[in-house]
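Let's take a guided walk through this structure, going from the whole to the details. Keep the viewer open as you read.

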Amino acid sequence: MTGPTRVTPPLAALWLLSRALPPDERDAVVGDVVELFADRVDGRRRFNRTWCWLQTAMLLLGLTGAGTARLPPDPFRRSFVMRIGGRFTLTFKQSARRLRYEWRYALGVIVILGVGIGPATAMLSIVQRVLLQPLAYQDPDRLGIVRINLGQIQNHPGLSPGEVIDLRHTQGLFAGVEAENRQYEVTLKTDDALVPLSAVSITTGMLPMLGVVPVLGRSFSEGDVKDQPDAVLLDYGTWRSRFGADPGLVGRRIVLSGNPVEVVGVLPAGFRLMTGRAVPKPIDVYMPMRVTSFRNFWGFPTLVRLAPGEPFDRVNATLPGLAASLVKAYPDAYSGARLQFLISPLKDDMVKTTRPALDAAIVGVLLLLAIAMANATALVIARLRTRERDFAIRLAVGAGRGSLVADVFMESALLSACGAILGAALGALGLEAARRLIPHTVPRWDDITLGGGVVLYAAALALAGLFTCGLLPLWKASRHVPWHALQSGSTRSGQADSALSRLLLAGAQIALTVVLAFSAIQLVRSATRLSEVDLGFDPNVLTFRTSIDFRKFKTPAEGTDLFERIRDRLRALPGIEAVGAISHLPLSGAVLTDAWTTDLSKQPGWDLSTANYYATVPGYFGSMKIPFRQGRDFSDVEDRTAQHVVIVDESLARAAFPGVADVTGRILRLGWGLPDSRIVGVVGHVRGIEVAREVRPQIYAPEGLFTLDQNFTVRASGDPARLIGPIQAAVKELNTGRAVAGFAMLTDNVAAATSTLRSVTGLVSILAGSAGLLSAMGLYAVIAYLLHARRRATAIRSALGATPSQLVRLHMRTTVRVLLVALPVGVGLAAAGAPLFASLTFGVAERDPASLIAAALTAVVASLAGTYVPVRQAAAIDPILALRSE
Amino acid sequence: MPRTPPPLLGDIEQRVLLAILRLGPDASGVPIIHELRRHTRRPVLLPSVYLALRRLEAKRLIRSRLGEPEARRGGRARRHFALEAAGKAALRAARQSVFSLWRGVSLDES
């Protein structure tokens, strides 16, 4: 004995065992189990309680079942549990044996269930994680995000700092209004390297509002807010990977972008700041932010916590008054444009872009599941009919109805359990495949895990399978009078109602197949159209970021000089064809928007015309292969001396100067108080925000005019990956004090921008393929069954001289009739469901006739394929053999 | 009067009988299981051992008696097993038949 903490065997198992065993064996066997358990514990073996349960299960199955009766048998001494256990074991063994004997049937049902359950479990796990699970903040349902509409700018997730203060001053609406600025790069200087880190600044109340407490150290206080912030909070992962999880780090100083800052705390593992982004980028460092009263730059995503008892709609109803008063109070900032604040629950906002895709996918998997269930049920019913005679005999010789029910139920339970296991395995594989295929554009994608959830869903779906496969056929079977089955003989069933119900099931599958095939065809066509879109640039460029510390330079021109030196140095590297740089890469999700006007007598208004604003350098357009329509690129002198020149895209040229052939030399007035600028060139439009459509025209200014961190674009002649090392070395040689980060191909941005459509297309295509296969299998089973029932008639026809081709035509008629009913229904359903997919499709009509016809044809081909094999077999029947077996 | 031949033994029955023979007066559930494990390369399943004991007792090849309750067994008694004369005869016959089958053949020669 090792003391009072000794591990004991599970009492429930021992209780069950002693209930089930006969009294004279009870002590000996249970005592042995307890002793063996104690031996294992003393031997320091693991999983002892699991072992105990396993032994209990084996002993219950082995010692209480049929064939284990002791001599002489004594039924009166058997306890209740033992009798039930015995019955259970017997039924289990018999069912398992029967299914093993009819393994083709069993395998068919299991595969069908697995194919239906697999995608459904995977999809439900995703939905559970992405759509349903609450955010990992305190009381997350009270958190909202503020978006604004300002003239042409719609649904923008950033406020100006002045508006943050305005919202804070509203009475009684909010328990908190906190903002962050956009993410930026900082460089951590370690003893031997410069490490790029991503940083974000947050207002000091942000973490307390979210209910997040650092695991080490403290949160920000008001005292941390300074012009030059010197307090930082670290991300948990960064603390572990960059600082070796050193608990002494808190209170020490680290050097970020040349400034020593104090680490005041470490945030909890898994914390992510979700403000306005579907997928938050990993952030390494958090800094405190000061809220100013500026009102010219809408770049601060803002979260609110509603005051207790305030619902979202009441808060939203109060905000128009505030907006109107602001427009009146600050005419310069808003230039009379319509201002609107929209507050939506944070989680809804986050899943907004993914929701249509997920909805479409859910509909797809549920359709597939319905097809699989219908198919499996049809198979189980067909098999029950073949066992009718067997049941009738058993009833006639005195078997209870209960034992027959238990029999059927046990078989269904076994089949659905195996189907669930297969489905869970397929679901797990599918989830893993999806995780690799789909880029990180789905919220919380990293958190979607295999395991518990998937298995739970598989079990729930298997239970549903059990009810359809087990209870529905049972209900049908119980309506048959046993002697009827005996009289009719086993080979001549084919009663009208059964054939009809089975044809209806087959028809339903065909109709659902049409729906899935239509969706798949629409999406494939959309994906093809989307891949053919002219982006306006060639994305085969290597990109990377670096920042420089403008505070180090006396004038912005010195920073511009450094950027220029970097570009010159890179151009000198072998294998590099062209080098450019820009403040915001196309399709990166980051963008600056500014208002513009050609009327130099007034300020540009937000309600009139807006454009995306980029700061760029000479050579950028060349490196991206963006064509010049008119004029020329910036000169180095214009860049360095920050002359007031701009290059605009053709859309802006058309909109600003309609009918003017050459717009170079014209003057454009911009917002933000920037000086009026002369247009020196016109370039092609670039799909910079969305691949599918032009969002806004574009204005490019020389980088020297408006210095920002730069994204470099490098066009290489060979493999761009080989350039990463030389580029890093080249930048380091110039001693900028900043790390080079974020090496990527611009093609990745394009892929990410189209990933939702591509992933949904892939998923729905797989579902449609599976559905086609399943309904072909289902039709095969039904037709084969019907033909088997009509064997006699076929044989007589054949004996009377019908040729095989005549017989094939005759039997194909059934399928044709089913198709005649199912196809219009399927096409109707597909057309009715089309709006569900409308937000995902691109470049095809919502109810495109060509797609509808193609979907119908797919279903026809699948049905005919499923029918032809059994019909061919039936036509080749030898009439003598068939009639003799009657 | 012809003597009734000893009953034929199944593989597990023969092993359990041999284990009881080897253990002598100590033969009871757990030692039998340990003995079988020591001499068998395969895992020993508890139900098969108890089923064999049931059958052997039903065929009157072994007899059993309950011992005293033991603390290590959670206050449960131990069932002790001993060979009957018929059990010894069955083992002897089994050994005899194996020996006679082996006589005159060798695996090494073929």
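How many residues of chain B are in contact with chain A? In this predicted model, 17 residues of chain B touch 18 residues of chain A. On the side of chain B that touches chain A, the elements giving two or more residues are α2 (29–39), α3 (46–58) and β2 (76–83) of chain B. The element that gives the most is α3(B), with six residues. If you colour this side of chain B by residue class, you will find nine nonpolar, two polar and six charged residues.

Staying with chain B for a moment, its secondary structure consists of four helices and two strands. Following the sequence, you meet them in the pattern α-α-α-β-β-α. Chain B has 110 residues, and 30% of them are buried. Of the contacts in chain B with a separation of 6 or more, 52% are between residues 24 or more positions apart.

Now turn to chain A, which has 28 helices and 24 strands. Its 886 residues include 41% that count as buried. Take the contacts in chain A between residues at least 6 apart in sequence: 83% of these join residues at least 24 apart.

Helix packing is a good place to look next. Two packed helices are described by the angle between their axes and the distance between the axes. Start with α5 (103–132) of chain A and helix α12 (residues 355–386) of chain A, whose axes come within 9 Å and cross at roughly 155°. Because an angle over 145 degrees counts as roughly antiparallel, α5(A) is roughly antiparallel to α12(A). The crossing of α5(A) past α12(A) is left-handed. In the contact of these two helices there are 25 nonpolar residues, three polar and one charged.

What is the angle at which α24(A) and α27(A) pack? Helix α24 (residues 755–789) and helix α27 (residues 849–875) of chain A pack at about 30°, and their axes are 8 Å apart. Angles under 35 degrees count as roughly parallel, so α24(A) is roughly parallel to α27(A). Here the crossing is right-handed. On the α24(A) side, the residues making the contact include A:G772, A:S775, A:A776 and A:Y780, while α27(A) contributes, among them, A:A862, A:S863, A:G866 and A:P870. By class, the contact of α24(A) with α27(A) has 13 nonpolar and six polar residues, and no charged ones.

A short helix in chain A deserves a visit too. Which residues of helix α23 (residues 746–753) are buried? They are A:L746, A:V750 and A:A753. Looking along the axis, these buried residues cover an arc of only 65°, so they lie on the same side of α23(A). The elements covering them include β14 (542–546) and β24 (741–745) of chain A.

From there, move to A:D639, which has its place in helix α20 (residues 636–640) of chain A. Is A:D639 buried or exposed? A residue is buried if 20 or more other C-beta atoms lie within 10 Å of its own, and A:D639 has 26 C-beta neighbours inside 10 Å, so it counts as buried. You can also pair A:D639 with A:A557: they are 82 residues apart in sequence, yet their C-alpha atoms are 8.8 Å apart in space.

Finally, have a look at the backbone torsions. Most residues other than glycine have a negative phi. Against that background, A:R44 has a phi near 55°, a positive value in a residue other than glycine. A:R44 is found in the loop between α2 (23–42) and α3 (48–64) of chain A. With 7 other C-beta atoms within 10 Å, A:R44 is exposed. A positive phi also appears at A:D139, near 45°. This residue, A:D139, is found in the loop between α5 (103–132) and β1 (143–150) of chain A. A:D139 has 14 other C-beta atoms within 10 Å, so it is classed as partly exposed.

Conventions. Residues are numbered from 1 along each chain as its sequence is written. Chains are lettered from A and ligands numbered from 1 in the order in which they are written. This is a predicted model: local features need pLDDT of at least 70, side-chain atom pairs count only at pLDDT 80 or more; totals for chains, interfaces and linings use all residues. Two residues are in contact if their C-beta atoms, placed from the backbone, lie within 7 Å. Ala, Val, Leu, Ile, Met, Phe, Trp, Tyr, Cys and Pro count as nonpolar, Asp, Glu, Lys and Arg as charged, and the others, Gly among them, as polar. A residue is buried if 20 or more other C-beta atoms lie within 10 Å of its own, exposed if 12 or fewer, and partly exposed in between; C-beta atoms are placed from the backbone. Axes are lines fitted to C-alpha atoms, for helices over the stretch in contact, and angles run from 0 to 180 degrees between N-to-C directions. Angles under 35 degrees count as roughly parallel, over 145 as roughly antiparallel, 65 to 115 as roughly perpendicular and the rest as oblique. A crossing is left-handed if the near helix is turned anticlockwise from the far one by less than a right angle, and right-handed if clockwise. The arc is that of the directions from the helix axis to the C-beta atoms.
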